[in-house]
Amino acid sequence: MTTESTEEKAWSEPTYRHAERADVPVLVDLVNSCYRGDASGKGWTTEAHLLDGQRVDPEGMAELLERTNTIVLVAEAAGRIVACCELQRGVNGAYFGMFSVRPEIQGGGLGRRVLAEAERTAAQEWGCRLMRMKVLKQRPELIAWYERRGYTNTGRTERFPYGDEVFGLPRRDDLSFVELTRELPA
């Protein structure tokens with residue numbers, strides 16, 4: 001019988017809060033480490049094979065935190081931020097994005113819990129009944145992960161915003177997003 005370490009137990013039972021301006025440096029490091037560069041290779045959510053450059057910069061993160069229709073939700077465990085996501089309130093429900101779980105602890109169920117908390121937050125704080133997201137079409141394993149959690153591919157696609165370095169530096173010319181949605185419980 002194995003015993004879960006205190007840190008692993010903390011990851012499975014994080015606390016949640018809205019991000020604050022003081023969190024910007026930690027959040028920028030977390031998000032970039034999940035999506036781009038060598039550190040992202042420790043997890044399974046990397047986009048480094050599709051995009052170079054950073055996923056977010058301090059100015060962009062600070063701007064997100066100032067929006068009145070946006071929450072950056074953070075999960076804390078073992079005294080540090082271990083995951084985050086962006087929730088944006090819209091006319092047709094909430095948008096879910098920038099989902100990041102520390103690469104070295106991915107695959108242990110924390111992502112599932114953070115997604116559930118994001119859905120609960122959108123439903124309870126904003127009264128949203130639909131969660132939307134865009135996922136790179138070239139990430140079938142990630143799309144399948146969301147589908148196992150009740151999300152449906154709407155069939156709507158959107159071309160990657162080539163030429164806008166804010167979204168990264170594409171390594172291929174066929175990138176596009178698919179839209180996934182899920183109805184949220186009342």
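This is a short tour of a sheet, two helices that pack on it, and one loop residue. Keep in mind that the model is predicted.

**Stop 1: the sheet.** Start with the strands. There are 7 of them in an open sheet, and their order is 1-3-4-5-6-9-7. The pairing is mixed. Now select residues 15-18, strand 1, and then 152-159, strand 7. These two strands stand at the edges. Each has a single partner strand, so one side of each has no neighbour in the sheet. Turn the view and compare strand directions. On average, neighbouring strands are turned by 30° against each other, direction ignored.

**Stop 2: one pair of strands.** Select residues 93-101 for strand 5 and residues 130-136 for strand 6. They pair in the parallel sense, over 2 bridges. Pick out Ala94, then find its bridge partner in strand 6, Met131.

**Stop 3: the helices.** Select residues 110-126, which make up helix 4. Helix 4 lies across strands 1, 3, 4, 5, 6 and 9. Check its direction against strand 4, residues 80-90: the angle is about 35°. Next, select residues 140-148 for helix 5. This helix also packs on the sheet, where it touches strands 5, 6, 7 and 9. Its direction makes about 165° with that of strand 6.

**Stop 4: a loop residue.** Go to Glu47, in the loop between helix 2 (24-35) and strand 2 (51-52). Is Glu47 buried or exposed? Its relative accessible area is 10%, so it counts as buried; the cut-off is under 20%. Now show its contacts. Leaving out residues up to four places away in sequence, Glu47 touches Tyr35, Arg36, Arg55, Leu136 and Arg139.

Terms used
Residues are numbered from 1 along each chain as its sequence is written. This is a predicted model: local features need pLDDT of at least 70, side-chain atom pairs count only at pLDDT 80 or more; totals for chains, interfaces and linings use all residues. Side-chain values use heavy atoms; hydrogens and water are left out. Two strands pair if DSSP finds at least two bridges between them. Helices (H or I, at least four residues) and strands (E, at least two) are DSSP runs, numbered from the N terminus. Axes are lines fitted to C-alpha atoms, for helices over the stretch in contact, and angles run from 0 to 180 degrees between N-to-C directions. Contact means heavy atoms within 4.5 Å. Buried means under 20% relative accessible area, exposed over 50%, partly exposed in between (1.4 Å probe, protein chains only).
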